[in-house]
Amino acid sequence: SCFVRRHAAFIHQQSQQQGQADVSACKVCRLWDALHRTTSKEQVQELVDAAWHGRAADVTRLLAEATTFPITHFVNTPAPTEDDGRVTALAAASSRGHAEVVTLLLAADADVNLGRVNGCAPPLYFACRNGHTDVVTLLLAADADVNRAMHTPPPIQTGPPPMGVACKEGHLDIVQLLSSYGASRTWPFPAPRDTAEHLATDEGHADVTAFLVRSRLWSTALHH
């Protein structure tokens, strides 16, 4: 807001010096309008719904029509979904495995670590839980925090990190991918099973357990 006001004042002063008062007035008005525009709750809900259902064309249109200044506020505002509570559009798309929409939102500067309201359950958690390897790949490439766990509220950890949920659900390819990014296999979680091996074993995922045991001493991504 302060930037817009300062920039508007600068344009006005510069234009007056050049004898272009009319041009100055138009620019000032446009900047002032941008300062006061807001995006409605309905628009945010429409974006999250479009992301949830994988409607890439609608997401593209909504991002183009966004009137929030800056657009990052628009893409990072959570709204209710059918199953995952109030989440950001990126978390919604990640949960449902819509890689094209995830790509669009990341390009629009969506916060890669912001998922459910109050900061808990990041997009990577949803993608790992539901087995969407392509989305996990996109999020990790965008520097998602590989060890960010569920929190209610932060920093009180109330659920396993992405590695934990991937082991629990038996997604071997995702466990291997997370390992290549240095994901921790232990965490301070208040539950009887606080390691990746324990979770995979308890859930009967022998292939995941075997990989975790086999790779205990591996130290580089090349091993994975």
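**Helix 10 against helix 11**

I started with where helix 10 meets helix 11, in what is a predicted model. On the helix 10 side I find P162, M163, A166 and C167, and they meet I174, V175, L178 and S179 of helix 11. Sorted by class, I get 7 nonpolar residues, 1 polar and no charged ones in this contact. The spacing along helix 10 made me recall the usual rule: an α-helix has 3.6 residues a turn, so residues three or four places apart point the same way.

Next I looked up the geometry. The two axes, helix 10 and helix 11, come within 9 Å and cross at roughly 155°. That is over the 145 degrees cut-off, so helix 10 is roughly antiparallel to helix 11. I noted the crossing of helix 10 past helix 11 as left-handed.

**How enclosed is helix 10?**

I wanted to know how many of the residues of helix 10 (residues 162-169) are buried. The count is 6 of 8, so the rest of the structure largely encloses this helix. I wrote them down: P162, M163, G164, V165, A166 and C167. What do the buried residues of helix 10 pack against? I found helix 8 (123-129), helix 11 (172-180), helix 12 (196-202) and helix 13 (206-214). One backbone detail went into the margin: G170, just after helix 10, has a positive phi of about 80°.

**Helix 11 against helix 13**

I then followed helix 11 to its packing with helix 13, where the angle is about 20° and the axes are 9 Å apart. This makes helix 11 roughly parallel to helix 13. The crossing here is right-handed. Helix 11 puts in L172, V175, Q176 and S179, while helix 13 answers with D207, V208, F211 and L212. My class tally for this contact reads 5 nonpolar, 2 polar and 1 charged.

**Helix 3 against helix 4**

Back towards the N terminus, I checked helix 3 and helix 4 (residues 56-65), whose axes come within 8 Å and cross at roughly 155°. Helix 3 and helix 4 are therefore roughly antiparallel, and their crossing is left-handed. From helix 3 I listed E46, L47, A50 and A51, and from helix 4 D58, V59, R61 and L62. The classes come to 5 nonpolar, no polar and 3 charged residues.

**The core**

Which residues touch the most other members of the largest nonpolar core? I got L105, V136, L139, C167 and L178, out of 53 residues in that core. Helix 3 (residues 41-53) gives the most to this core, with 6 residues. I picked L139 for a closer look. Beyond its neighbours within four places in sequence, L139 contacts L90, S94, V102, V112, P123, L124, A127 and A144.

**N113**

I looked up N113 too, which sits in the loop between helix 7 (99-107) and helix 8. Is N113 buried or exposed? Its relative accessible area is 16%, and the cut-off for buried is under 20%, so N113 is buried. Leaving out neighbours within four places in sequence, I find N113 in contact with P122, P123, D143, A144, D145 and R148.

**Whole chain**

Last, the totals. I count 13 helices and 2 strands in the chain. Of its 224 residues, 42% are buried. I also checked contacts between residues at least 6 apart in sequence: 63% of them join residues at least 24 apart.

Notes
Residues numbered from 1 in each chain as written. Predicted model: local features only at pLDDT ≥ 70, side-chain atom pairs only at ≥ 80, totals over all residues. Heavy atoms only, no water. Core = buried A, V, L, I, M, F, W, Y, C linked by side-chain atoms within 4.5 Å. Buried < 20%, exposed > 50% of the residue type's maximum accessible area, 1.4 Å probe, protein only. Helix = DSSP H or I, 4+ residues; strand = E, 2+ residues; numbered from the N terminus. Contact = heavy atoms within 4.5 Å. Axes fitted to C-alpha atoms, helices over the stretch in contact; angles between N-to-C directions. Parallel < 35°, antiparallel > 145°, perpendicular 65-115°, else oblique. Left-handed = near helix turned anticlockwise from the far one by under 90°. Nonpolar A, V, L, I, M, F, W, Y, C, P; charged D, E, K, R; others polar.
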